[in-house]
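Here are some short exercises to work through with the model open beside you. Try each one yourself before reading its solution.

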Amino acid sequence: DDEALDEIEELDGDEEVEEADDLDPDQETVELDEDQEIEEEGDLEQDPETLELDEDQEIQEAEASEDNEALDEIEELDEDTEEIDLAEDEDLEEVDELNEEERQALEAFRNEKELSEQFDNFLGEEEKKYNVYVTVPAGRYTVGTQKSLKHSLELQQIEMPKIYMARYPVTNSLFEVFVEQTGYVTTAEKKGFGTVFYGRFKKGKNSSVWKSSSGSRVVKKACWFRPEGPESSIHGKKYHPVVQVSIDDALAFAAWIGRRLPTEAEWEAAARTDTALKYPWGNQWKEDACNIEKSSIGDTTSVAQYDGYANAFRIADLLGNVMEWTLDREAAPFDPEGSREFQVTKGGGWPSKEDITISTRGLFKPGFTANTIGFRCMSEHFS
């Protein structure tokens, strides 16, 4: 038994040694494997660089791809932008056209305003009182008459924007400033004559007489500063309405002061106000409310003489005294072919009867001048 145990122990020792010896190579192998693993890990340590490079390449490629896509989008956007730009250009052209019209209107407005202010600066304090404009508000106005006469303005209602109407007809003093500043020569001066009306009442130097009839005659050298001919003058008539002026003379004056003449409808609307009155002061005739034949004056008066009978807009001297040119022209009465046109006047004059109203109109040839016709101005702007 002891011997057997010793053999077993020896065997066990040998086996252990052998096993141990067998294990050493394994250990080397393991170490080698670990080295390999380490080497592999070393390889793996190099991989991040490779990965980093790959990632960089991928990023660069991705960025390049994104850039290309962005460029494509930008090009598309550029195309769209070009289309938008073209559309905007077209709109701008339209705006430019509108702006051009607006600019022209603005320039005209500024020019007219400057002219009116310049004219006002030429005037003395007393004269400025007769160069006043009042507001006629925008609204619906009744104009015309129910009379069926061919030469009457038809009864109707009109829509009118706000305008500014001269309170008085243009006076001799205002027209004189125009002539002095421009050297303007009137139609009557060029023609060498004018028509002179006379009423039944005739004023004389020492006495006055009534004649059996009234009428008119052509008088040589009658003009705005000699309204009844060579023996007459406007001395003492500074603020009387200017007469012996044609429609062309009226238009020239109005343009020079930055204003214009009213149309018949504008004149009548401003005179009747929005209550459609028959007379400036109301619907009932009043004695001594205006200068007509029955006033026994037989001539023009100051435009301010009947201020107490001005209408609600404070526009004065609308009836009697002088007829006033308007912009409108009308076919000659009872002219079937309509070959002749006459200029429309409003307001009656000092030779008129008591039957005149705001709707009363007169028709005269455009070159006609007389001691019964003057004019007043209006404007779309206030100054």
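Contact here means heavy atoms within 4.5 Å. Keep in mind that this is a predicted model.

**Exercise 1.** Find the residues in contact with phenylalanine 253, leaving aside its neighbours within four places in sequence.

*Solution.* Start at phenylalanine 253 and apply the cut-off: the contacts are Phe119, Val170, Leu174, Phe175, Phe178, Phe375 and Cys377. Next, place Phe253 in its wider setting: the largest nonpolar core has 30 residues, and Phe253 is among those that touch the most other members, along with Phe119, Val170, Phe175, Trp325, Phe375 and Cys377. Finally, look at which elements give two or more residues to this core: strand S4 (163–166), helix H3 (172–182), helix H5 (247–256) and S9. A second, separate core has 18 residues, including Val134, Val143, Ala270 and Leu318.

**Exercise 2.** Decide whether helix H6 (residues 264–272) is largely enclosed, and explain why.

*Solution.* First list the buried residues, those under 20% relative accessible area: Glu264, Glu266, Trp267, Glu268, Ala269, Ala270, Ala271 and Arg272. That is eight of the nine residues of H6, so the helix is largely enclosed by the rest of the structure. Then step past the end of H6 to threonine 273, which has a positive phi, near 65°.

**Exercise 3.** Work out the strand order of the open sheet that four strands form.

*Solution.* Reading across, the order is S11-S10-S9-S12, with mixed pairing. The edges are S11 (361–364) and S12 (373–374), each pairing on one side only. Now turn to S9 (residues 323–331) and S10 (residues 341–346), which are antiparallel and share five bridges. To check the register, find alanine 331 opposite glutamate 341 in S10.

How values were computed: Residues are numbered from 1 along each chain as its sequence is written. This is a predicted model: local features need pLDDT of at least 70, side-chain atom pairs count only at pLDDT 80 or more; totals for chains, interfaces and linings use all residues. Side-chain values use heavy atoms; hydrogens and water are left out. Buried means under 20% relative accessible area, exposed over 50%, partly exposed in between (1.4 Å probe, protein chains only). Two strands pair if DSSP finds at least two bridges between them. A nonpolar core is a set of buried Ala, Val, Leu, Ile, Met, Phe, Trp, Tyr and Cys residues joined through side-chain atoms within 4.5 Å.
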